[in-house]
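Thank you all for making time this morning. I would like to walk through one protein chain with you, slowly, and I will try to explain each step as I go.

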Amino acid sequence: MAARKERAKGVSSVFSHIVHADEEEVCTPCVAVLMGVSGSGKTSVGIELAKRWKADFQDGDDFHPKENKKKMSEGLPLNDQDRKSWLESLAKLISDYVQNKKRVVVACSALKKAYRDILRSGGPAGKKKGMVRLFFLNGDKTLISERITQRKGHFFDKKLLQSQFDALQRPLPGEGIPTLSISESTSSIASLIVTRHLEPANRGSTVTVDSKSTPQVHPHQQKTKPSTTGFSSSKHVPDERPMTTSSKPGQELAS
């Protein structure tokens with residue numbers, strides 16, 4: 001009898017471990033944040049990703065206060081204090097989407113780990129932290145500079161690009177942020193994010209998805225090139241021009 005109890009105890013211990021592991025499994029993402037320096041394509045990829053993932057699109061630049069936009073247009077880099085209220089407003093936006101279980105793609109530079117922590121604070125902690133996923137769009141400085149030169153109607157001054165690379169803290173392995181090369185096409189990057197990082201976890205998801213809906217993007221993007229770190233809403237069907245070093249580099253890139 002004693003031996004039987006010991007065996008039963010051992011089996012119980014094994015299964016309790018399995019249940020515990022299952023409880024710790026991260027839940028289905030409903031927020032995808034695209035990070036990277038200005039000109040890395042966050043807006044272009046974000047719009048395409050929202051289309052494929054049937055999500056809203058929010059451009060971080062649209063949440064910058066006027067003072068920040070003025071400062072950048074004058075070629076002056078933002079500091080941590082300038083970005084604080086901006087990041088907090090984005091964290092609130094993320095929190096609203098998480099609470100409503102609605103999908104959204106957010107474009108935001110999120111250059112430093114501290115900035116990314118603020119954005120993640122908009123989502124739940126513990127086993128539900130997987131509801132907010134970040135993706136790093138990585139590219140060569142020369143290529144990104146060429147693309148920014150081609151961009152029209154945006155407040156970001158090309159002279160600020162070096163300051164962005166200086167401030168950039170590339171995601172560490174422990175942050176769980178996939179790195180994606182911007183040498184791939186916009187459609188390829190969006191497809192990879194969906195199929196490898198977002199959709200596999202969607203089995204049994206309760207996230208709200210309207211199969212008839214069109215991703216919501218900011219109205220200004222219907223007439224102008226997409227912006228760098230921002231986001232907002234209005235109907236738009238993005239093209240699938242490749243993000244490659246063509247004769248006119250980066251025309252389709254925004255952020």
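**A walk through the fold**

Let me begin with a single residue, A110, which is buried, with a relative accessible area of 0%. Please keep in mind throughout that what you see is a predicted model. A110 sits in the loop between β3 and α5, and although A110 is not a glycine, its phi is positive, at about 45 degrees.

There is another residue of this kind, K54, which is other than glycine and has a positive phi near 55 degrees. K54 belongs to the loop between α2 and β2, and with a relative accessible area of 37% K54 is partly exposed.

Now let us step back to the whole chain. How many helices and strands does the protein chain have? The secondary structure comes to eight helices and five strands, and if you follow the elements from the N terminus on, you will read them as α-β-α-β-α-α-β-α-β-α-α-β-α. The protein chain has 255 residues, and buried residues make up 47% of them. If we take the contacts with a separation of 6 or more, 80% of them are between residues that lie 24 or more positions apart.

Let us turn to the sheet. In general, the strands of a sheet pair through backbone hydrogen bonds, and they do this either in parallel or antiparallel fashion. Here the five strands form an open sheet in the order β2-β3-β1-β4-β5, and the pairing is parallel. Which strands stand at the edges? They are β2, residues 56-59, and β5, residues 179-181, and each has a single partner strand, so one side of each is left without a neighbour in the sheet. On average, and with direction ignored, neighbouring strands of this sheet are turned by 25 degrees against each other.

I would like to look at one of those edge strands in detail. β2 pairs with strand β3, residues 104-107, in the parallel sense over four bridges. Within this pair, D56 stands opposite V104 in β3, and Q58 stands opposite V106 in β3. As a general rule, the side chains of a regular strand alternate between the two faces of the sheet. Are the faces of β2 covered or open? Both faces are covered, since D56 and Q58 on one side and F57 and D59 on the other are all buried.Coming back to the pair of β2 and β3, which is joined over four bridges, we can now add the helices that lie against the sheet. Helix α2, residues 42-53, packs on the sheet and touches β1 (31-35), β2, β3 and β4 (132-138), while its direction makes about 160 degrees with that of β1. Helix α4 packs on the sheet too, touching β1, β2, β3 and β4, and the direction of α4 makes about 155 degrees with that of β1.

What else does α4 pack against? Helix α5, residues 113-120, packs with α4 at an angle of about 30 degrees, with their axes 7 Å apart. Since angles under 35 degrees count as roughly parallel, that makes α4 roughly parallel to α5. The crossing of these two helices, α4 and α5, is right-handed. If you wish to find the contact on the screen, look for D80, R83, L87, E88, L90, A91 and I94 in α4, which meet Y115, I118 and L119 in α5.

From here we can move to the interior. The largest nonpolar core has 51 residues, and those that touch the most other members are V31, V33, L49 and C108. Helix α4, residues 80-99, gives the largest share of this core, with seven residues.

Finally, I would like to show you two places where residues that are distant in sequence come together in space. S185 lies in the loop between β5 and α8, residues 186-198, and with 14% relative accessibility S185 counts as buried. S185 and V45 are 140 residues apart in sequence, and yet they are 8.8 Å apart in space, C-alpha to C-alpha. The other place involves Q162, which is in helix α7, residues 161-167, and which counts as partly exposed at 34% relative accessibility. Q162 and P77 are 85 residues apart in sequence and 9.7 Å apart in space, again from C-alpha to C-alpha.

Technical notes. Residues numbered from 1 in each chain as written. Predicted model: local features only at pLDDT ≥ 70, side-chain atom pairs only at ≥ 80, totals over all residues. Heavy atoms only, no water. Core = buried A, V, L, I, M, F, W, Y, C linked by side-chain atoms within 4.5 Å. Buried < 20%, exposed > 50% of the residue type's maximum accessible area, 1.4 Å probe, protein only. Pairing = 2+ DSSP bridges. Axes fitted to C-alpha atoms, helices over the stretch in contact; angles between N-to-C directions. Contact = heavy atoms within 4.5 Å. Parallel < 35°, antiparallel > 145°, perpendicular 65-115°, else oblique. Left-handed = near helix turned anticlockwise from the far one by under 90°.
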